[in-house]
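Colleague: I'm new to this one, so could you take me through a single part of it slowly? I'd like to hear about the charged side chains that pair up.

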Amino acid sequence: VETNLSADLMTDAPLVSVVIPVKNGSGRLQHCLESLQRQDFPRHEFEIIVSDGRSIDDTVQIARAYGCTVVDNPRETVAGGRNVGIAAARGAYIAFSEDDIVLPPNWLSEGVRVLSSNAAIAAVGGPTPIPPTSKSFGKAIDLIFRAASHVGYSVQSGIAQPLGETTDLPGGNAMYKRECLEGARPMDEGLITGEDVDLHARLRKQGRILVFCPAFLAWHHKRDAPRRFFVQIRRFAQGRVQVGRRHAGIVRPLHWSMAVLPLSLAIILALHSVPTFIAVLAFSVAAIIGTGLVCRIGFRASLWLPVAAVIFLVAWSVGFLKEWAHPTTDATGK
């Protein structure tokens, strides 16, 4: 991989440090680490730092078996894990990944290529499609994220935007120039989620350029169970409200609309008869299933889509309104 790095960076230190926050990642982490072992990037040119959030399974043993540097993350959060990982990193470039991500062989080389191509670029990110082997529920969730991405409300999607400047990057699929990241750290550990949104907002305020590259791709497994999806979206909503208090424009009209929609629908339906309620419900379910079929996510995934949509709306409403009315002070959300 050719770079235009200055001579003072050409030391014995690895060129790239990959930081992976994880807690109880057994069954997922090894797949991510295996994909890093298959990179077309020279192995001596990158290090892998696993920030362990006090796991009670064999996460630490797995990480060490793959030759990773393991650091303790006492906060047990993603933000805390990235902070301790950055502190331990030695590379000129620092990349973020996650235990439920699988990386193509050109991931590191593509990230370095983009960052080294222009001195003005601070960070690069890319699409996060689901793996072809994903379960039906994961495919249903992926369609919801794709819909949000189409209207500019999510970067957690497999949609490949054109190469160019952007306002936000997927937190688990991003690479940064070390000096830029150091200038904007630490990641805010007071946030439940959205620490990446906050980081990128701070970078932009410093005049830094973020770039989306369709070739900088990471296969991202979406939540495989309704309960885990509910918790994830509830926390996403809480984090969005928290970040919105720090940066104007982060909370947008659609965020509010999704938050009040479930309650509004419940009130409207309560004012109508039971047959009307059943008719509206049946029509809505049929329309959502039809959307899944038209989008070719598969029959079983299409049947899951109404369930995933309801979970998404209710979880978002609960998290958003809860955080708006009663701000959380503990980033763990407990």
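**A close look at the salt bridges**

Modeller: Happy to, and let's start with Glu76, which is partly exposed, its relative accessible area being 32%. Keep in mind that this is a predicted model. As a general point, side chains with opposite charges can pair when their charged atoms come close. Across the structure there are 17 salt bridges, and we'll walk through a few of them.

Glu76 has Lys23 as a salt-bridge partner, and their closest N and O atoms are 2.6 Å apart. What makes this pair nice to look at is where the two residues sit: Glu76 is in the loop between strand E3 (69–72) and helix H3 (78–88), while Lys23 is in the loop between strand E1 (16–22) and helix H1 (29–37). That's 53 residues apart, so the pair links distant parts of the chain. Lys23 is partly exposed as well, with a relative accessible area of 38%.

Now stay with the loop between E1 and H1, and look for Arg28 there. Its side chain meets that of Asp99 in a salt bridge, at 2.7 Å from N to O. Asp99 belongs to the loop between strand E4 (93–96) and strand E5 (101–102), which puts the two partners 71 residues apart. Here again, distant parts of the chain are linked. As for cover, Arg28 is partly exposed at 29% relative accessible area, whereas Asp99 has 10% relative accessibility and therefore counts as buried, the cut-off being under 20%.

The loop between E4 and E5 also holds Glu98. Glu98 and Arg82 bring their side chains together in a salt bridge, with 3.3 Å from N to O. Arg82 lies in helix H3, so this pair ties together parts that are 16 residues apart in sequence. Arg82 is buried, because its relative accessible area is 1% and anything under 20% counts as buried. There's a third player here too: Glu195 joins Arg82 and Glu98 in a network of salt bridges.

If you'd like a contrast to all that charge, turn to the nonpolar surface patch of about 430 Å². Val274, Phe277, Ile278, Leu281 and Val285 make it up. One of them, Val274, lies in helix H10, which covers residues 274–294. With a relative accessible area of 58%, Val274 is exposed.

Note on methods
Residues are numbered from 1 along each chain as its sequence is written. This is a predicted model: local features need pLDDT of at least 70, side-chain atom pairs count only at pLDDT 80 or more; totals for chains, interfaces and linings use all residues. Side-chain values use heavy atoms; hydrogens and water are left out. A salt bridge is a side-chain nitrogen of Lys or Arg within 4 Å of a carboxyl oxygen of Asp or Glu. Helices (H or I, at least four residues) and strands (E, at least two) are DSSP runs, numbered from the N terminus. Buried means under 20% relative accessible area, exposed over 50%, partly exposed in between (1.4 Å probe, protein chains only). Patches are made of residues with over 30% relative accessible area and no salt bridge: like charges are joined within 9 Å, nonpolar side chains (Val, Leu, Ile, Met, Phe, Trp, Tyr) within 5 Å. Accessible areas come from the Shrake-Rupley method with a 1.4 Å probe; for residues, only the protein chains shown count as cover.
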